[in-house]
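Hello,

Here is the structure I promised to pass on to you. Please have a look at it first, and then read my notes below.

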Amino acid sequence: MKIIALLTDFGYKDNFVGVMKGVILSINPQVNLVDISHGIKPQSILEAYFLLKNSYKFFPKGTVFVAVVDPGVGSKRKPVLIQTNDYFFVGPNNGIFSFLESHDIKRIIHLTNDKYFLKPVSSTFHGRDIFAPVAGFISKGVSPEEFGTPIKGMKHIEVPKPILEKDKLLGEIIYIDGFGNLISNISRNIFDKFTRGSEFEITIGKARMSKISSSYAEAKVESPIALFDSFQNLEISIKAASCSEKLGLKEGEKITIKKTAN
Amino acid sequence: MKIIALLTDFGYKDNFVGVMKGVILSINPQVNLVDISHGIKPQSILEAYFLLKNSYKFFPKGTVFVAVVDPGVGSKRKPVLIQTNDYFFVGPNNGIFSFLESHDIKRIIHLTNDKYFLKPVSSTFHGRDIFAPVAGFISKGVSPEEFGTPIKGMKHIEVPKPILEKDKLLGEIIYIDGFGNLISNISRNIFDKFTRGSEFEITIGKARMSKISSSYAEAKVESPIALFDSFQNLEISIKAASCSEKLGLKEGEKITIKKTAN
Amino acid sequence: MKIIALLTDFGYKDNFVGVMKGVILSINPQVNLVDISHGIKPQSILEAYFLLKNSYKFFPKGTVFVAVVDPGVGSKRKPVLIQTNDYFFVGPNNGIFSFLESHDIKRIIHLTNDKYFLKPVSSTFHGRDIFAPVAGFISKGVSPEEFGTPIKGMKHIEVPKPILEKDKLLGEIIYIDGFGNLISNISRNIFDKFTRGSEFEITIGKARMSKISSSYAEAKVESPIALFDSFQNLEISIKAASCSEKLGLKEGEKITIKKTAN
């Protein structure tokens with residue numbers, strides 16, 4: 001059975017996601033629908049980007065991802081289908097898919113063929129009128145070229161990047177998960193390249209840590225720990241509590257790694 | 001694969017919805033289950049009515065809708081199955097389905113045949129004991145008449161209706177969506193009939209608007225805009241913010257459209 | 001179609017549940033995935049235990065349950081598969097499954113065969129790396145013995161038990177549902193054995209009740225009522241309001257039943 005996975009900022013109160021699923025199932029009732037999240041902060045393209053980036057590779061080849069965080073709906077931003085070697089991505093061309101690497105992209109289609117849209121197309125809900133039906137038709141085997149015109153440029157968003165100074169690595173908190181863990185933009189890879197086995201000190205807000213823990217279970221109550229999360233990002237966590245609340249820290253907070261003498 | 005779509009006020013913390021799905025799948029494991037919303041305000045038949053009304057036509061023919069917002073469970077209100085030309089609706093006869101038009105209804109069955117119930121039937125959870133199993137059996141092809149006795153009267157709820165005065169159209173906010181947008185009971189149709197191309201002024205709380213925007217993207221930050229939402233209801237919205245919070249307005253708030261000289 | 005039912009404390013904001021589903025569907029795209037709840041209080045093994053206990057029997061035979069409330073992930077607690085006469089349970093051996101009765105358990109397997117894991121196995125997300133793939137392979141028919149070594153001891157959690165004194169039955173609130181109803185550890189069975197038809201008084205906080213209501217609809221606004229919920233637990237409820245908020249009571253609150261002269 002074909003898989004269609006959905007990611008939106010539509011929340012869990014309204015009927016928006018349910019209606020999108022109704023539209024998809026009207027085209028292909030044999031599809032297996034999966035929710036990645038609908039709890040994205042309203043209109044946060046960055047959160048959607050971050051969660052989808054950390055999710056898509058865990059799905060089977062051929063999965064169609066529909067991502068709708070779309071503050072520009074009804075304006076000039078283009079609705080697109082991106083086909084990679086293994087997957088399909090459907091949504092607004094607003095940077096939400098900018099984790100995809102160009103060598104992996106087979107084609108980007110500007111969705112213009114309204115034969116595959118739900119009509120009349122509204123100017124406020126392309127999730128229902130364009131993205132859902134296109135995903136449904138992809139799952140039925142309609143060829144990507146059918147949906148519109150190939151284009152080149154994928155829109156990129158600015159994701160804060162870690163900065164390497166002589167003796168410091170400067171990062172930033174880019175996501176706070178549902179447990180209140182602080183997720184930084186420093187990957188294990190970048191961290192390891194910087195520290196190269198040296199001792200180090202991690203500073204964030206008033207907290208200091210000088211080692212990487214290997215699991216949450218290692219933490220002592222009330223003391224923040226640093227660890228690499230299951231997606232290999234440096235994360236700050238407090239046992240059985242929201243680290244964000246306890247330390248009073250949010251997205252955008254700076255995190256510093258300094259090498260110390262050893 | 002048959003579709004069963006669920007709408008309840010059971011929320012996302014408890015096991016009520018999961019248990020209903022377990023009951024359905026015990027009868028028919030080949031069914032595709034879809035959530036419309038479980039975030040209805042507790043016991044708000046009006047919210048459930050409004051969301052289901054705006055959702056069901058987007059689902060494929062033959063879909064079975066199970067709607068459980070049921071403050072009268074265990075009292076005399078009747079459990080019913082309503083078959084329309086295209087769909088099945090299962091739930092309490094408390095007004096939740098009163099958007100259905102009589103010419104579209106093929107039959108209303110009072111669910112009395114406990115052969116199709118989960119026994120013993122509790123007096124607090126008909127979602128599990130009556131509505132879920134009946135939906136499961138419908139999806140297996142059991143004939144509607146099998147489930148009980150045909151009845152006539154569908155219970156209607158009072159939905160506030162817009163009032164037309166000589167030079168004013170008076171409406172009311174009947175739903176606030178998850179983004180905080182204010183949704184009124186004034187449809188595009190009624191609005192157009194009233195304004196007939198004249199200039200107009202929309203008043204709600206302290207806000208005044210004199211045009212209809214075509215998309216959210218048009219809004220300036222902090223200024224409320226009026227637009228027709230994707231279900232053709234007049235809606236008041238503020239860019240990147242909760243309009244309800246910013247304006248301090250809730251369900252029941254009055255909205256007025258006045259024709260102005262042109 | 002095989003059913004896999006999921007219960008976690010991962011919430012609805014992050015991608016954790018979606019990623020687990022992606023892993024399962026990569027192994028078996030023909031599976032019907034059901035959410036029991038992901039709104040368990042973070043790291044509350046007791047809540048997970050309570051909801052799963054009240055849910056699993058409503059699912060079809062052969063269902064695979066994946067329960068991930070796992071504060072000890074990455075420590076020595078064992079990942080297990082428990083096969084009962086009718087079901088499979090996959091998760092950490094931390095007491096979450098301790099409602100299962102020993103005569104019903106066919107085997108407990110310590111999950112050690114990493115052939116069925118997602119590699120590299122992280123020390124923070126066994127839901128994705130161990131439990132989801134094992135569930136996927138079970139749904140494909142892989143034999144339980146394949147996944148590891150049979151063990152004996154299932155970890156039990158301490159669930160507060162009602163205490164019977166000469167003229168009193170002392171219970172405790174162990175769960176507060178999404179409506180704010182207070183659910184006690186006193187089952188209908190225990191209650192009936194104690195009262196044996198006598199008159200009684202139920203005391204909780206400042207509230208007193210001397211009868212069992214049969215449905216929510218019986219309640220008068222503002223007065224708490226006692227009733228047996230649909231899972232046969234003694235519950236205290238207030239009509240159209242959160243009983244927990246109105247009475248200011250939480251999990252752990254004591255509830256007393258006294259026999260009165262009749």
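**What I found**

The C-alpha centres of domain 1 and domain 2 of chain A lie 33 Å apart. Those two domains come from the domain assignment of chain A, which gives 3-151 for domain 1 and 163-260 for domain 2. Please keep in mind as you read that this is a predicted model.

**The sheet in chain A**

In chain A, 7 strands form an open sheet with mixed pairing, and their order is S2-S1-S3-S5-S4-S6-S7. Which strands stand at the edges? They are S2 (32-37) and S7 (148-151) of chain A; each has a single partner strand, so one side of each is left without a neighbour in the sheet. From one strand to the next, the twist averages 25°.

If you would like one pairing to look at in detail, try strand S4 (residues 79-84) and strand S6 (residues 105-111) of chain A. These two run antiparallel and are joined by 5 bridges. A good place to start there is A:Gln83, which stands opposite A:Arg107 in S6(A).

There is also a helix to find against this sheet. Helix H1 (residues 16-27) of chain A lies across strands S1 (3-8) and S2 of chain A, and the helix runs at about 155° to S1(A).

**How chains A and B are related**

Two copies of a chain are related by a rotation about an axis and a shift along it. Here, a turn of 120° and a shift of 0.0 Å along the axis lay chain B on chain A with an RMSD of 0.0 Å. That is the relation of a three-fold axis. Within chain B, the C-alpha nearest the axis belongs to B:Asn32, at 4.5 Å from it.

**Where the two chains meet**

How many residues does each chain give to the contact? Chain B gives 27 residues and chain A gives 27 residues. On the side of chain B that touches chain A, the elements that give two or more residues are strands S1 (3-8) and S2 (32-37) of chain B. The largest share of that side comes from S2(B), with 5 residues. By class, the side of chain B that touches chain A has 15 nonpolar, 9 polar and 3 charged residues.

One last point about this contact: only 4% of the interface residues of chain B are also interface residues in chain A, so the copies meet through different surfaces.

Happy exploring, and best wishes!

Technical notes
Residues are numbered from 1 along each chain as its sequence is written. Chains are lettered from A and ligands numbered from 1 in the order in which they are written. This is a predicted model: local features need pLDDT of at least 70, side-chain atom pairs count only at pLDDT 80 or more; totals for chains, interfaces and linings use all residues. Domain bounds come from an automatic or database domain assignment. Two strands pair if DSSP finds at least two bridges between them. Helices (H or I, at least four residues) and strands (E, at least two) are DSSP runs, numbered from the N terminus. Axes are lines fitted to C-alpha atoms, for helices over the stretch in contact, and angles run from 0 to 180 degrees between N-to-C directions. Two residues are in contact if their C-beta atoms, placed from the backbone, lie within 7 Å. Copies are superposed by least squares on the C-alpha atoms of residues with pLDDT of at least 70 in both. Ala, Val, Leu, Ile, Met, Phe, Trp, Tyr, Cys and Pro count as nonpolar, Asp, Glu, Lys and Arg as charged, and the others, Gly among them, as polar.
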